[in-house]
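Let us take a friendly walk through a protein structure. Please keep the 3D view open and turn it as you read.

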Amino acid sequence: MSGQSMNPPAVSAPVRGREAELERIGNLVRGPGGGMVVVCGAGGLGKTTLAAEAAARARSQEKKVVWIRWRDDTAQLGLEFGKAARILGLPESRLEEARTGRVSLVDAVWKHLKEVEDWLIVVDNVDTPSRVGPGSEPLAAYRGWLRPHGSGLLLVTSRDTTRQTWGPDADLIHLQPLADEAGGTVLLDAEPHAGTENEAEALAARLGGLPLALNAAGTYLSVPTSRHRTFTAYQEALESEFADLLGAENPAAATDPAVARRVVRHTWDLSLDQLQSDGYTLARPVLQLLALLEPAPVPRTLMTPELVTDATGLPTTAAGVDAALAGLHQYGLLDTPETGEPEPDSTVVGRLQLHPLVREVTAHTLSRPEPTTAWLAAIDEHLAQAVDAVAGMPGRTGWPTARLLAPHLPAHLDRNTPHNFTSARNTLGSLADILRAAGAASEELLLRRHVLDNESDARGPDHSDTLTSRNSLATTLSNLGEHRQAADLHQQVLTDRQRVLGPDHPDTLISRSNHANALSSLGEYRQAADLLQQVVADTERVLGPGHPETLISRNNYASALNGLGEHRQAADLLQQVVADTERVLGPGHPETLIYRNSLATTLSSLGEHRQAADLHQQVLTDRQRVLGPDHPDTLISRSNHASALNGLGEHRQAADLHQQVLTDRQRVLGPDHPDTLTSRNNHATTLSSLGEHRQAADLHQQVLTDRQRVLGPDHPDTLISRNNHASALNGLGEHRQAADLHQQVLTDIERVLGPDHPHTRISRNNLADARAGLAQAGRRRWWQWGRRSRGT
């Protein structure tokens, strides 16, 4: 081997997005301890490029650098380590001792590497570490060619990512795809005239941040004769020309691994071929099955031996599937995303996820005897079985799996339309119902929309099933805080049901109740209350006074009355609803908890804070047990309990609890959900109670801005935020500004809610306080009601 072959390859372009990894390696190169670092990850992540850049930087610091490329040949590796040792000053006499058998060559080399400093040895592409040798001991025993015991740094690149392989003393750097900004910069480096930074970042995101794909795209775009010359054009072309652009074959890849490593289409075949030769015979078909699912995490429980056998016809065992998944994970082709800390009584659900480009290339380049339709038919059968299994699980045990299944169900319905439409639709509907119970409104929305679109085509817009699906979609939108869209859709369903089913049909009554609830959520309390009063009367007449739908209607009517400030009438009605529901459904039923929450909230509005706090605490305890700590209804109870504590003067405890609820709602619901805005308002209000007026005023201003944008300027929540912001300014002594704002709020509240509404009276008092220059926070808390739209 020539001396030139021991030099690192040149880095032809700036290395982007790897600053932290390069700094970590640089610290090890500069440090006194030496050691071994393994840069690992799937093919195409730029491990060799990172190592070459680290080598170039080490040379610039006067370190001696030697580059060795692993050729799956232990004897050759020994020769190259011998040459590396000679470059680093190993005397010929010691080599002679090794040649004559007086000492082993590997021990002679590493004895010398312990004695000399300021070196970096790179061993590139050690993808078969079990064959490194010499001897049959595992690499982690550190008695072979790769050891962490030198006075310089040994840097290894490999697709093998497991700690078990590399041992406890190796420093593992597990490469991840590039962030969008860094990926966009790679593209701009290659062809700076192909578009803007945003367009480059969009293409980088489409390519999953994989450096090999980014380099392929950049090279393509830099060629003047290429058909697609811009980032946007290339990204659009991927939809129809993926196989040509990134899935193209290179004939030389079959015989030259170096070529395969540089071609997106082939780079992962090296790992799959290695797994096959190591006895992981199911690795390739399991990867192909996963690639036929959607680009989202897959529940581990779906990948069963039965699915693999039904799809491929191969004899399969649970141990074989386990081994295949472990092998794919070992070589970085499969990720197992962390789900965070599980709930104490919750089942931990394993997740499997392919890099989006691994999935796409695999899906485009499948080679197997069976037609794709046979594999997809097996997947559809097992998806339906998985949903049935989740539906049969007790309590919230199946909720995490239901969330993972959701993204894979729309394609299941598409593939089964029209020949097996009803069964597939029922599968999606069943999972959507589970997601509603779990409070997973975003995942539910995906399924509800898809069912409605398909049902409208298959059944027609006036079919009862279509109307039910449209009602369910509207309810889901309401649970997501999309109240205007929900109200319009509920109005449409109500009109159609009255025409198709008649005014007294139970489904029509449900639609009238749901439409009124949506109006109430929009702050149109008078119209909602009038509608709900009539719904209560009609439901009692049609279904009977003890029917669950009648109880729901009474609760919703009470909520509208609360919105109008008629709290005593609402409390009396809710007392009866709670008693009837506990008798009909039981004290721990989720509906009972909704009504008890509504009653507790109403008691707070009546100033009965101790009774309200005790009842909110009881509901909160039951909801955490029945629904889990992150369910939206549980978060409502925690928020309401905090507000009741604030009403009792326990401001610090209330502030801490409101801050916790705000954090959880931002994570679970998103920053702009109306419930999240409510939590920010409640937290700011409690800060005012603690005398932290500046922080409260700033937060109220932020909530006001967001509520105006999300809900509109005349929504009661927006008016409350303007009132609260003015009160916080008054607490800061800014009486003139507070008085002007209170005057404006009073005018608007009188117009929107009427002159006799409790909010109007509070606004008059606040205006008087501000005019009198009193530093008093005349704030009004905003409560969460227990309104609930109904599905049929």
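What follows visits the sheets, the open and closed spaces, the aromatic rings and a few unusual backbone spots.

Before we start, note that this is a predicted model, in which local features need pLDDT of at least 70, side-chain atom pairs count only at pLDDT 80 or more, and totals for chains, interfaces and linings use all residues. Residues are numbered from 1 along each chain as its sequence is written, and side-chain values use heavy atoms, with hydrogens and water left out.

## Two sheets

Helices and strands here are DSSP runs numbered from the N terminus (H or I with at least four residues for a helix, E with at least two for a strand). Two strands count as paired if DSSP finds at least two bridges between them.

Begin with the sheet of 5 strands, an open one with parallel pairing, in the order S2-S3-S4-S1-S5. Which strands stand at its edges? They are strand S2 (64–69) and strand S5 (170–174); each has a single partner strand, so one side of each is left without a neighbour in the sheet. From one strand to the next, the twist averages 20 degrees, where axes are lines fitted to C-alpha atoms and angles run from 0 to 180 degrees between N-to-C directions. Strand S1 (residues 35–40) runs parallel to S5 and is joined to S5 by 5 bridges. Look for valine 39, which stands opposite isoleucine 173 in S5.

Another open sheet has 3 strands in the order S6-S8-S7, with antiparallel pairing. Strand S6 (298–299) and strand S7 (334–335) are its edge strands, each pairing on one side only. S6 and strand S8 (residues 351–354) are antiparallel and share 2 bridges. Valine 298 has leucine 352 in S8 as its bridge partner.

## Open and closed spaces

Spaces are found on a 1 Å grid over the protein atoms alone: a cavity is a set of points where a 1.4 Å probe fits but cannot get out, a pocket is an open set with protein on both sides within 12 Å along at least five of seven lines, and lining residues have an atom within 4 Å of a point. Grid points are joined across faces, edges and corners, and a volume is the space filled by probe spheres set on the points.

The largest pocket holds about 1500 Å³ of space. Its lining has 50 residues, and those closest to its centre are Thr48, Thr49, Asn125, Arg261 and Arg262. Among the helices that each supply at least two lining residues are helix H2 (47–60), helix H7 (180–190) and helix H12 (264–277).

There are also 4 cavities of 30 Å³ or more. The second largest cavity encloses about 60 Å³. Its lining includes Val298, Leu334 and Leu352, and S8 gives the most to this lining, with 3 residues.

The table sorts both linings by class: Ala, Val, Leu, Ile, Met, Phe, Trp, Tyr, Cys and Pro count as nonpolar, Asp, Glu, Lys and Arg as charged, and the others, Gly among them, as polar.

| Space | Nonpolar | Polar | Charged |
|---|---|---|---|
| Largest pocket | 20 residues | 15 residues | 15 residues |
| Second largest cavity | 7 residues | 1 residue | 2 residues |

## Aromatic rings

A pair of aromatic rings is described by the distance of the centres and the angle of the planes. Rings of Phe, Tyr and Trp (its six-membered ring) pair if their centres lie within 6.5 Å; planes under 30 degrees apart count as stacked, over 60 as edge-to-face and the rest as tilted.

The count comes to 4 aromatic pairs. One of them joins tryptophan 110 and tryptophan 119, edge-to-face, at 6.5 Å centre to centre with 65 degrees between the planes. Are these two residues buried or exposed? Tryptophan 110 is buried, at 2% relative accessible area, and tryptophan 119 is buried, also with 2%; buried means under 20%, exposed over 50%, and partly exposed in between (1.4 Å probe, protein chains only). Phe81, Trp110, Trp119 and Trp145 form one aromatic cluster.

## Unusual backbone spots

Where are the cis peptide bonds to look at? One runs from glycine 133 to proline 134, with omega near -5 degrees. Proline 134 sits in the loop between strand S3 (119–124) and strand S4 (153–158). Another cis bond links threonine 417 to proline 418, with omega near 5 degrees.

Finally, aspartate 72 is not a glycine, yet its phi is positive, near 60 degrees. Aspartate 72 lies in the loop between S2 and helix H3 (74–87) and is partly exposed, at 38% relative accessible area.
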